[in-house]
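Here are my notes on this one, written as numbered points. Have the model open while you read, and go through them in order.

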Amino acid sequence: MNIPSPCINVCRLDAATGLCEGCFRTLDEIARWSRHADVEKRRILDAVDRRRAQAPVAASALRAEQAR
């Protein structure tokens, strides 16, 4: 199975969290994505979902920016 990257082409790192403001992954998760097995990709996607849920203000701002 080919699990697609959660990248949405908004590639900016938040200095406070170390997470990409677009996909909520760490630099390490981004850099190693293509080498990870599907099990690890699912684990990362679960972590991304939790991170996004914990950052509703950031997610709202990102959606507003994408709508422009």
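1. A word on terms before anything else: helices here are DSSP runs of H or I at least four residues in length, numbered from the N terminus. Keep in mind, too, that this is a predicted model. With that reading, A47 falls in helix α2, which covers residues 38-54.

2. The overall layout is quick to describe. The chain has 3 helices and 0 strands, and the order along the sequence is α-α-α. Of its 68 residues, 26% are buried. The exposed area comes to about 4700 Å², with carbon and sulfur atoms supplying 55% of that. Looking at contacts with a separation of 6 or more, 48% are between residues 24 or more positions apart.

3. I'd start the close reading at E29. Where does E29 sit? Its place is in helix α1, residues 27-32. Is E29 buried or exposed? The relative accessible area is 7%, and the cut-off for buried is under 20%, so E29 counts as buried. That makes a carboxylate side chain worth following, so let's see what E29 meets.

4. Two polar partners turn up for E29. A polar atom of its side chain lies 2.9 Å from the backbone nitrogen of T26. The E29 side chain also makes a polar contact with the side chain of R51, at 2.7 Å. The R51 pair counts as a salt bridge as well, with the closest N and O atoms 2.7 Å apart. Because R51 lies in helix α2 and E29 in helix α1, this pair ties together parts that are 22 residues apart in sequence. Leaving out residues up to four places away in sequence, E29 touches F24, R43, I44 and R51.

5. Two of those neighbours, F24 and I44, lead on to the nonpolar core. Which residues make up the largest nonpolar core? They are I3, F24, W33, I44 and V48, 5 residues in all. I44 is a handy one to click on: leaving out residues up to four places away in sequence, I44 touches R25, E29, W33 and H36. One of these contacts, W33, is a fellow core member, while E29 is the buried acid from point 3.

6. F24 deserves a second look for its backbone. F24 has a positive phi of about 65° although it is not a glycine. As a rule, most residues other than glycine have a negative phi. F24 is found in the segment before α1, and its relative accessible area of 5% is under the 20% limit, so F24 is buried.

7. N9 makes a good companion to F24. N9 is another residue other than glycine with a positive phi, near 60°, and N9 also lies in the segment before α1. The surroundings are another matter: N9 has a relative accessible area of 68%, so with over 50% needed for exposed, N9 is exposed.

8. Back to A47 from point 1. A47 has 6% relative accessibility, so A47 counts as buried. A47 and R25 are 22 residues apart in sequence, yet their C-alpha atoms are 8.3 Å apart in space. R25 has already come up as one of the residues that I44 touches.

9. How many salt bridges does a search of the whole structure find? The count is 5, and E29 with R51 is one of them. Another joins the side chains of R12 and E21, at 3.1 Å from N to O. R12 is partly exposed at 37% relative accessible area, and E21 is partly exposed too, at 28%. R52 and D49 also meet in a salt bridge, at 3.9 Å from N to O. Both R52 and D49 lie in helix α2, 3 residues apart, about one turn of the helix. R52 is partly exposed at 29%, as is D49 at 48%.

10. Last, the surface. L13, L27 and I30 make a nonpolar patch of about 250 Å². L13 lies in the segment before α1 and is partly exposed, with a relative accessible area of 42%.

Notes. Residues are numbered from 1 along each chain as its sequence is written. This is a predicted model: local features need pLDDT of at least 70, side-chain atom pairs count only at pLDDT 80 or more; totals for chains, interfaces and linings use all residues. Side-chain values use heavy atoms; hydrogens and water are left out. Helices (H or I, at least four residues) and strands (E, at least two) are DSSP runs, numbered from the N terminus. Buried means under 20% relative accessible area, exposed over 50%, partly exposed in between (1.4 Å probe, protein chains only). Contact means heavy atoms within 4.5 Å. Accessible areas come from the Shrake-Rupley method with a 1.4 Å probe; for residues, only the protein chains shown count as cover. A polar contact is a pair of N or O atoms within 3.5 Å; within protein, one must be able to donate a hydrogen and the other to accept it, and residues adjacent in sequence count only if both atoms are side-chain atoms. A nonpolar core is a set of buried Ala, Val, Leu, Ile, Met, Phe, Trp, Tyr and Cys residues joined through side-chain atoms within 4.5 Å. Patches are made of residues with over 30% relative accessible area and no salt bridge: like charges are joined within 9 Å, nonpolar side chains (Val, Leu, Ile, Met, Phe, Trp, Tyr) within 5 Å. A salt bridge is a side-chain nitrogen of Lys or Arg within 4 Å of a carboxyl oxygen of Asp or Glu.
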